[in-house]
Amino acid sequence: MRKSSAALATLALAVVALTGCTAGPSFDGAACDRAAATSGLEDLANVSGAVGDEPDVELFTPVGAGESAFGDVVVGDGRALTSPNQSAVFEFSLFSGKTGEPVGGTAYDEDRAQLGSVEYWAQTVPVFGEALKCATEGSRVMILVSPEDFGAQNLSGFGLDADEPVVALFDVVDVFPTKAEGALQFNDAAGMPTVVRAPDGRPGIIVPDKAAPTELEVQTLIKGDGATVSEDDTVLVNYTGVTWADRTVFDSSWDRGAATFDMSNLIPGFTQGLTGQTVGSQVLIVVPPELGYGEQGSGAVPANATLVFVVDILGIDPPVSARQ
């Protein structure tokens, strides 16, 4: 939870022309597979180069595209994209289906990488979202996009003809978890909130009918085996916050996707509660008012409120989100 509500500066993607407003795909991670990937697309092009590096592509043009299709050029063995708003790093290249010439893409530069999600790409071009659904880290996905599916505005933005298909190559470079992945820990829960979890990891917080603690309380509910968080790190987290007195959720990242926080720009109780924890952990933090928003309160948080957070630590120093 940040000290202030000031938004971060807006960051543009490497191809700012892509536009769209279609809702993201819906899929169940428990049944996630790549059965929808179309075979035969390898006949469209010769593609070489390592995943994450700019590919060497020779398209056999002109490419016909009455219907959009996609397939895996390389299948990675890493974590799968099992949720529409799961954070991941993608690199991509776009090519004209008529000429085979590149028309846009990312920099393929780790220092300039940005976080995205399946939902994010579905909102630009819906076929992109469908093609990335259930893809695994380390994969390279080829997508043939019909002019109709790419959209008139996007075609115009890239200087393409109204009847020109597009071929896209997406590299799934890095996929972050959506929830804590570690060992359950025993805690003496006397007088402390209880946490229950939905199958997707979303926490429910049950605040006891007792007086709130007057000191900062921290419990590690799930212990991850990743890197240790420092007070000056930037962290990627999923979190839910409730007020002790009202027992109501005042903020949660679970519906909008994981949040990136600079630890030095958070309320003291949040920073202290996460410092020394490890990636993959889930942490319960009870923050007294003086380490939270104090006598002023903030937004939906009233003055002198004791706060309860459940935080899943997903990564340290991730790329900035393209949606910020």
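Here are three short exercises, with solutions, on a predicted model.

**Exercise 1: the whole chain**

Work out what the secondary structure comes to and what share of the residues is buried.

Solution. Start with the elements: the chain has five helices and 17 strands. Next, go for burial: of the 324 residues, 50% are buried. Then look at the contacts with a separation of 6 or more: 77% of them link residues 24 or more positions apart. Finish with the surface: about 14,600 Å² is exposed, and carbon and sulfur atoms supply 48% of that.

**Exercise 2: around T220**

Find where T220 sits and which residues it touches beyond its neighbours within four places in sequence.

Solution. First, place the residue: T220 belongs to strand β12, residues 217-223. Now list the contacts, counting heavy atoms within 4.5 Å: T220 meets Q185, N187, Q277 and Q282. Take N187 from that list: 33 residues separate it from T220 in sequence, yet the C-alpha to C-alpha distance is 7.9 Å. Then pick Q277: its side chain makes a polar contact of 3.0 Å with the side chain of T220.

**Exercise 3: strand β17**

Explain why strand β17 counts as largely enclosed, and identify the pairing of β13 and β16 with it.

Solution. Begin with burial, where the cut-off is under 20% relative accessible area. Nine of the 10 residues in β17 (residues 307-316) are buried, so the rest of the structure largely encloses this strand. Then turn to the partners. Strand β13 (residues 234-243) runs antiparallel to β17, with nine bridges joining them; here V237 faces I313. Strand β16 (residues 282-287) also pairs with β17 in the antiparallel sense, over six bridges, and V287 stands opposite L307.

Definitions and conventions:
Residues are numbered from 1 along each chain as its sequence is written. This is a predicted model: local features need pLDDT of at least 70, side-chain atom pairs count only at pLDDT 80 or more; totals for chains, interfaces and linings use all residues. Side-chain values use heavy atoms; hydrogens and water are left out. Helices (H or I, at least four residues) and strands (E, at least two) are DSSP runs, numbered from the N terminus. Buried means under 20% relative accessible area, exposed over 50%, partly exposed in between (1.4 Å probe, protein chains only). Accessible areas come from the Shrake-Rupley method with a 1.4 Å probe; for residues, only the protein chains shown count as cover. A polar contact is a pair of N or O atoms within 3.5 Å; within protein, one must be able to donate a hydrogen and the other to accept it, and residues adjacent in sequence count only if both atoms are side-chain atoms. Two strands pair if DSSP finds at least two bridges between them.
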